[in-house]
Amino acid sequence: MLTLITYPGGFDEPSLSPFCVKTMIQLEMSGEEWRPEYVSMPSDAPLGRLPALRTPDGIIPESGFIQTYLEKRGADFYPGLSSRDRVLGHALIRMVEEHLRVAVAHDRWLDDRCWSELVPRAFGSVPLPMRGVVATMVRRQVRNGLKGQGFARMTEDQRMQCLTPDLDCLTDLLWDKPFLLADHPTAPDTTAVPVLSMLAGLPADTAIRRAVRGNKTLMAYIERGRAAIYPKFTRSAAAA
């Protein structure tokens with residue numbers, strides 16, 4: 001059996017990380033037998049990040065590498081689609097993971113209203129005397145990373161100028177079909193559904209949360225996607 005090393009759940013998500021949820025979904029879609037192993041700190045993980053998949057061949061880091069591993073074992077995350085569709089799917093994954101996903105990180109970690117809700121969920125396993133110190137240290141690292149990327153240097157209005165076209169692209173793709181590329185879930189849905197769900201589920205009324213919640217097409221897609229592809233047996237691990 002494969003073991004997914006993953007962050008614990010929270011905010012009605014089976015994991016706090018959209019990359020971990022993506023891999024959970026792909027493991028379910030692949031038909032592989034797997035189980036989650038929840039850890040709060042990824043210090044022993046390859047590359048120091050999660051998810052990581054423990055396999056008979058060793059530990060596979062990163063959701064993209066895990067997807068490739070599952071595909072080599074026979075999984076098809078683009079069933080019935082053309083090469084052109086696969087190109088579009090790859091571009092959609094990059095847009096969501098490298099842009100919209102950053103909005104999840106920014107608002108959770110740098111908006112004080114969200115941060116106060118994140119700490120007990122992300123650092124609940126850290127002993128209370130050290131929890132504040134560890135959380136502050138990690139928050140500083142995230143802030144520095146988002147400043148280097150540029151997102152944390154923008155105003156909220158500027159961030160929304162960057163993010164709104166992404167939401168529009170996803171909305172336009174969904175006007176005539178239930179999922180991004182087809183009538184059934186494919187690879188980009190395994191990325192987009194968790195990220196959009198986490199944006200809609202932010203614990204404070206930020207601009208990006210309002211934009212997603214105010215988009216009926218995206219909200220219907222989130223509901224449809226969660227019902228169709230979220231891993232069933234991990235839902236109980238998602239803290240309120």
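Read along the sequence, the protein chain runs β-α-β-β-β-α-α-α-α-α-α-α-α. That makes nine helices and four strands in this predicted model. How compact is the chain for a globular protein of its length? Its radius of gyration is 17 Å, close to the 18 Å that the globule rule gives for 240 residues, so the chain is as compact as a globular protein of that length. Along the principal axes, the C-alpha atoms fill a box of roughly 55 × 45 × 30 Å. Of the 240 residues, 52% are buried. As for contacts between residues at least 6 apart in sequence, 70% of them join residues at least 24 apart.

Next come the aromatic rings. A pair of aromatic rings is described by the distance of the centres and the angle of the planes. The count here comes to four aromatic pairs. One of them brings together Trp115 and Phe123, which sit edge-to-face, with 6.3 Å from centre to centre and 65° between the planes. Are these two residues buried or exposed? Trp115 has a relative accessible area of 11%, and because anything under 20% counts as buried, Trp115 is buried. Phe123 is buried too, at 3% relative accessibility. Another edge-to-face pair is made by Phe179 and Tyr221, with 6.3 Å between the centres and 70° between the planes. This pair ties together distant parts of the chain, 42 residues apart: Phe179 is in the loop between helix 6 (156-173) and helix 7 (187-200), while Tyr221 belongs to helix 9 (residues 216-229). Phe179 counts as buried at 5% relative accessibility, and Tyr221 is buried with a relative accessible area of 0%. Back at the Trp115 and Phe123 pair, Trp109 joins in, and the three residues form one aromatic cluster.

Helix 9 is also home to Gly225, a residue that counts as buried at 0% relative accessibility. Which residues does Gly225 touch, leaving aside neighbours within four places in sequence? The contacts are Phe179, Val193 and Tyr230. Phe179 therefore turns up twice, as a ring partner of Tyr221 and, with a relative accessibility of 5% that makes it buried, as a contact of Gly225. Ser197 is 28 residues away from Gly225 along the chain, yet the C-alpha atoms of the two are separated by 9.3 Å.

Asp111 sits in the loop between helix 3 and helix 4 (112-122). Despite being a charged residue, Asp111 counts as buried, at 15% relative accessibility. Not counting residues up to four places away in sequence, Asp111 touches His106, Arg139, Ala204 and Thr206.

Then there is the empty space inside. Rolling a probe the size of a water molecule over the atoms shows where empty space is left. Three cavities of 30 Å³ or more turn up in the structure, and the largest has a volume of about 50 Å³. What lines the largest cavity? The lining is made up of Ala103, Asp107, Phe151, Glu156, Arg159, Met160, Leu163, Ala207 and Ile208. By type, six of the lining residues are nonpolar, three are charged and none is polar. Helix 3 (83-110), helix 6 and helix 8 (207-213) each supply at least two residues of this lining, with the largest share, four residues, coming from helix 6.

Notes. Residues numbered from 1 in each chain as written. Predicted model: local features only at pLDDT ≥ 70, side-chain atom pairs only at ≥ 80, totals over all residues. Heavy atoms only, no water. Phe/Tyr/Trp six-rings, centres within 6.5 Å; stacked < 30°, edge-to-face > 60°. Buried < 20%, exposed > 50% of the residue type's maximum accessible area, 1.4 Å probe, protein only. Contact = heavy atoms within 4.5 Å. 1 Å grid on protein atoms, 1.4 Å probe; cavity = no way out; pocket = protein on both sides within 12 Å on 5 of 7 lines; lining within 4 Å. Points joined across faces, edges and corners; volume = space filled by probe spheres on them. Rg over C-alpha atoms; globule rule 2.2 N^0.38 Å.
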